Amino acid sequence: MPEQKARIEAEEYKRSLHDRPTLTEDSREDINRVITESMYIGSAATFTLYDPLKDYELTGAVKMIDLQLRRLKLEHDGEVTWLPHEDVLKACMA
């Protein structure tokens, strides 16, 4: 029975995951505009980020854009986080 319970739990976990949405070209342009504005003005922006279990938001100022690795350096709450560009689903100035 433990094997069956583990299999059921694994199936439930897989069902709880969601696929990365496909963004329109307009959405991608809006995101890039906010990223650029946040970096050059130094203003905070709110980013909605993809996660297979549940999307989440981070608010902070973009400090650097790494074009080679396609990621953003976001400073928020005294911390620094690198965000993969492809994980950004939505962005707006805070």
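Of the 94 residues in this chain, 26% are buried, where buried means under 20% relative accessible area, exposed over 50%, and partly exposed in between (1.4 Å probe, protein chains only). The model is predicted, so local features need pLDDT of at least 70 and side-chain atom pairs count only at pLDDT 80 or more, while totals for chains, interfaces and linings use all residues. Residues are numbered from 1 along each chain as its sequence is written, and side-chain values use heavy atoms, with hydrogens and water left out.

**Exercise 1. Sketch the overall layout of the chain.**

Step 1: Start with the secondary structure, which comes to two helices and five strands. Helices (H or I, at least four residues) and strands (E, at least two) are DSSP runs, numbered from the N terminus.

Step 2: Put these elements in sequence order, and you get α-α-β-β-β-β-β.

Step 3: Turn to the contacts, meaning heavy atoms within 4.5 Å. Among those with a separation of 6 or more, 48% link residues 24 or more positions apart.

**Exercise 2. Follow strand 3 and work out which strands it pairs with.**

Step 1: Look along residues 71-76, which make up strand 3. Leu72, Leu74 and His76 point to one face and are buried, while Arg71, Lys73 and Glu75 point to the other and are not.

Step 2: Strand 2 (residues 56-66) pairs with strand 3 in the antiparallel sense over five bridges; pairing requires that DSSP finds at least two bridges between two strands. Asp66 stands opposite Arg71 here. Four residues lie between these strands in their hairpin, where Arg70 has a positive phi near 55°.

Step 3: Now take strand 4 (residues 79-84), which is antiparallel to strand 3 and joined to it by six bridges. Glu79 in strand 4 is the bridge partner of His76. This hairpin has two residues between its strands, and Asp77 in the turn shows a positive phi of about 50°.

**Exercise 3. Find the largest nonpolar core and say what builds it.**

Step 1: Recall that a nonpolar core is a set of buried Ala, Val, Leu, Ile, Met, Phe, Trp, Tyr and Cys residues joined through side-chain atoms within 4.5 Å. The largest one has 13 residues, and Ile35, Phe47, Leu49, Leu74, Leu83 and Val88 have the most contacts inside it.

Step 2: Check who contributes: helix 2 (25-41), strand 1 (45-49), strand 2, strand 3 and strand 5 (88-93) each supply at least two residues of this core.

Step 3: Zoom in on Ile35, which touches Phe47, Val62, Ile65, Leu72 and His85, not counting residues up to four places away in sequence.

**Exercise 4. Describe the surroundings of Asp66 and Ala91. Are these residues buried or exposed?**

Step 1: Asp66 belongs to strand 2. Its relative accessible area is 14%, so Asp66 counts as buried.

Step 2: The side chain of Asp66 reaches the backbone nitrogen of Leu69 at 3.1 Å, and one of its polar atoms lies 3.2 Å from the backbone nitrogen of Gln68. Beyond neighbours within four places in sequence, Asp66 is in contact with Arg71 and Trp82.

Step 3: Ala91 is found in strand 5. With 13% relative accessibility, Ala91 is buried too.

Step 4: Apart from neighbours within four places in sequence, Ala91 is in contact with Ile31, Val34, Thr46 and Phe47. Thr59 is 32 residues from Ala91 along the chain, and their C-alpha atoms are separated by 9.4 Å.

Note on methods: A polar contact is a pair of N or O atoms within 3.5 Å; within protein, one must be able to donate a hydrogen and the other to accept it, and residues adjacent in sequence count only if both atoms are side-chain atoms.
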